[in-house]
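Dear colleague,

I am passing on a structure that I would like you to look through at your own pace. Please open it beside this message, and then read the notes that follow while you find each place for yourself.

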Amino acid sequence: MRIAIVPGDGIGKEVVSATLPALTWLSDTFGLGLTYDVLDWGADRWLAEGTGLPDGAIDLLRKEYAAVLLGALGDPRIPDMAHGREILLGLRTGLDLYVNHRPLDLAHGTVDLYRENTQGLYSQVGGAVSGQGRITVAMDECVYTRDTVERFVRNCLLHLRAAGRRKVTLVHKANAVPHTGRLWQEVFRAELARVPELTGAEEYVDAFCYHLVRDAFAYEGVLAPNMFGDIISDIGAALMGGLGLACSASVCPETGFALFEPVHGSAPDIAGQGIANPYATAMCLAMLLGHLGHADAATLLRDCVLEAGHTDAATPDLGGTGTTDGFMSAVLALMDKR
Ligand code: NAI
């Protein structure tokens, strides 16, 4: 099986390059037969050729690869992030990766956050009117179709049930954003009635953010529309101890195709210094291995990343003095010892 590696920009390149030796080590040690190709989709290619997601990229991924591991996109030379939108949103919609799972590993346990990944405020429907060199009116429409909300909610509920979860919370803003809010509530209630093992709750997104910070232990599974899920996952990352720790999987449940990426961006403020935390990317690799059915390799990697996070190898964002490559060397050394 082949994995497509998209390092992207900034620290994306650094954390991915540091993590790849672990992929090779695990594949060799467990006899997984995994190989990879590095695809150069990102700011440099955009600036050189004007290409974000190359023609045929979606077909290529579907035919040739089992999954994607992506670093991050974003470059100060492209302030409007045009390349990043084309690549990230192109992959999510092109591969129909509509379920974005962001596990929040907190002291008391894991909160499973699910973000709808393809519609809502990221639908790319809108426009702007300019006059006298400045924008006078701007619109980004929040579009949701019932089919998309239904399949998202249904899959997440089934996943939560399979994971033994008992409670699920829908995050919405139906009081101020009524049309899509009511659609989400209607679908959530109907789908929940078909999964009696789960108890449902509904919260306005603002109150939810407040409660998550104060009482994260009150939550087990959380379902959120696209933009709310994006914001909540950064709050979750802060609760976990930093953006360098939070990983995510974007999945199409029907095809099984999945893309794994850390929640953080390309961090231009620390890019090139060799101090970016590769923890989240390594955890993404563990999720990827688990997704492909290699549970033993995934568990070993996950345990050793967790352990390395408590050693001197930890990077400065965790209060340590370690480096990106040094952290992953420590992970490899721990794996070697087991
Ligand atoms: P960011 O996540 O890149 O950085 C926010 C803060 O967290 C910075 O202080 C950074 O140094 C720190 N940080 C992030 N990841 C870290 C890591 N692994 N280790 C240590 N510290 C880490 O968010 P920001 O600065 O808002 O965005 C930078 C660029 O990334 C922008 O172009 C943005 O559009 C893009 N972006 C891309 C994403 C993606 O590719 N999925 C997601 C979020 C932002």
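**Starting at the first strand**

Isoleucine 3 stands opposite tyrosine 36, a residue of β2. Please keep in mind as you look at this pair that the model is predicted. The two strands β1 and β2 are paired in the parallel sense, and four bridges hold the pairing. Strand β1 covers residues 2-8, and because six of its seven residues are buried, the rest of the structure largely encloses it.

**The sheet as a whole**

If you step back from that pair, you will find that the chain has 11 helices and 12 strands. An open sheet takes in 10 strands, with mixed pairing, and its order reads β2-β1-β3-β12-β11-β4-β5-β10-β8-β9. At the edges stand β2 (35-38) and β9 (199-204), and since each has a single partner strand, one side of each is left without a neighbour in the sheet. From one strand of this sheet to its neighbour there is a turn of 20° on average, when direction is ignored.

**Around strand β4**

Which strands pair with β4, and in what sense? With β5 (residues 109-116), strand β4 (residues 99-106) runs antiparallel, and eight bridges join the two. These two strands form a hairpin, with two residues between them. On the other pairing, β4 and strand β11 (residues 247-251) are also antiparallel, and here there are three bridges.

Two residues of this region are worth finding by eye. Valine 99 stands opposite glutamate 116 in β5. Asparagine 100 has a place in both pairings, for it stands opposite arginine 115 in β5 and opposite serine 250 in β11. When you look along a strand, it may help to remember that in a regular strand the side chains alternate between the two faces of the sheet.

**The surroundings of the ligand**

Which residues are closest to the ligand? The shell around the ligand holds 21 residues, and the closest are Gly74, Gly244, His264, Gly265 and Asn277. Two elements, α1 (11-30) and α4 (82-94), are the ones that give two or more residues to this shell. By kind, the shell divides into 11 nonpolar residues, seven polar ones and three charged ones.

Helix α4 deserves a second look, since arginine 85 is found in it. Arginine 85 has 15 other C-beta atoms within 10 Å, and is therefore partly exposed. Although 11 residues separate arginine 85 from glycine 74 in sequence, their C-alpha atoms are 9.3 Å apart in space.

A comparable pair of positions can be located from helix α6 (residues 178-192), where arginine 189 is found. Arginine 189 is partly exposed as well, with 13 other C-beta atoms within 10 Å. Between arginine 189 and alanine 201 there are 12 positions in sequence and, from C-alpha to C-alpha, 9.6 Å in space.

**Two residues with a positive phi**

In the loop between β3 (67-72) and α4 lies methionine 81. Its phi is positive, at about 60°, although methionine 81 is not a glycine. Is this residue exposed, partly exposed or buried? Methionine 81 is partly exposed, because 16 other C-beta atoms lie within 10 Å.

Glutamine 132 is the other case to look at, and it is found in the loop between β6 (126-131) and β7 (134-140). Glutamine 132 also has a positive phi, here near 50°, in a residue other than glycine. With 5 other C-beta atoms within 10 Å, glutamine 132 is exposed.

**The chain as a whole**

Finally, some values describe the full chain, and you may want to keep them beside the view on your screen. The chain has 338 residues, for which a compact globule would have a radius of gyration near 20 Å, and the value for this chain is 20 Å, so the two agree. The C-alpha trace spans about 55 × 55 × 40 Å along its principal axes. Of the 338 residues, 46% count as buried. Among the contacts with a separation of 6 or more, 72% are between residues 24 or more positions apart.

With kind regards

Definitions and conventions
Residues numbered from 1 in each chain as written. Predicted model: local features only at pLDDT ≥ 70, side-chain atom pairs only at ≥ 80, totals over all residues. Pairing = 2+ DSSP bridges. Axes fitted to C-alpha atoms, helices over the stretch in contact; angles between N-to-C directions. Near = placed C-beta within 6 Å. Nonpolar A, V, L, I, M, F, W, Y, C, P; charged D, E, K, R; others polar. Rg over C-alpha atoms; globule rule 2.2 N^0.38 Å. Buried ≥ 20, exposed ≤ 12 C-beta atoms within 10 Å, placed from the backbone. Contact = placed C-beta atoms within 7 Å.
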